[in-house]
Amino acid sequence: MSEPIALARITATPAAREAIRLLRAARGGPVMFVQSGGCCAGSTPMCFPAGEFLIGDIDVLLGEIDGCPFYIDKRLDQAWHQEQFLLDVAPGEPEDFSLSAGDNLHFVTGSPTCVSPGAPDENLFSPAPEWSTP
């Protein structure tokens, strides 16, 4: 009997997908995302070249975005209690050692639960964002 297919709990806006595409092209390979439960960065995921961050027992794979895995700290996942997460980009430089999402851009994680059903693929940082951070 086949195993059930787990649904990915992470999706991305077109702007985030374009940033990932450009990063992959510039780096010559995939990247990975880690949403840590540490004291820094809040809703800002860290982006690394694939395999550069060591994943541990407390990291949960939410899914992949265009072949790039996205992990979250298990305790943070439980605290935020979200079924789905949305990756986007925002103005400003990335935190710490994270790769940039583009010129003066960084990645952010939000919850799509408040995104307008009529425009689910809109960039989260449009003039009237309808989203929330977990």
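Mentor: Two strands pair if DSSP finds at least two bridges between them; strands (E, at least two residues) and helices (H or I, at least four) are DSSP runs numbered from the N terminus. This model is predicted, with pLDDT of at least 70 needed for local features and 80 or more for side-chain atom pairs, while totals for chains, interfaces and linings use all residues. Residues count from 1 along each chain as its sequence is written, and side-chain values use heavy atoms, without hydrogens or water.

Trainee: Which residue in S7 stands opposite Val89?

Mentor: Strand S6 covers residues 85-91 and pairs with S7 in the antiparallel sense over six bridges. Opposite Val89, in S7, is Phe107.

Trainee: Which strands stand at the edges of the sheet?

Mentor: The sheet is open, with three strands in the order S1-S6-S7 and mixed pairing. S1 (10-12) and S7 (105-110) each have a single partner strand, so one side of each lacks a neighbour in the sheet. The edge strands are therefore S1 and S7.

Trainee: Which element gives the largest share of the largest nonpolar core?

Mentor: A nonpolar core joins buried (under 20% relative accessible area, 1.4 Å probe, protein chains only) Ala, Val, Leu, Ile, Met, Phe, Trp, Tyr and Cys residues through side-chain atoms within 4.5 Å. The largest has 22 residues, and those with the most contacts inside it include Ile20, Phe33 and Phe107. Elements giving two or more residues to this core include S1, strand S2 (31-35), helix H2 (74-80) and S6. The largest share, four residues, comes from H1.

Trainee: How many residues does the other core have?

Mentor: This core lies apart from the largest one. Among its residues are Met32, Val34, Phe48 and Tyr71, and its size is five residues.

How values were computed. Buried means under 20% relative accessible area, exposed over 50%, partly exposed in between (1.4 Å probe, protein chains only).
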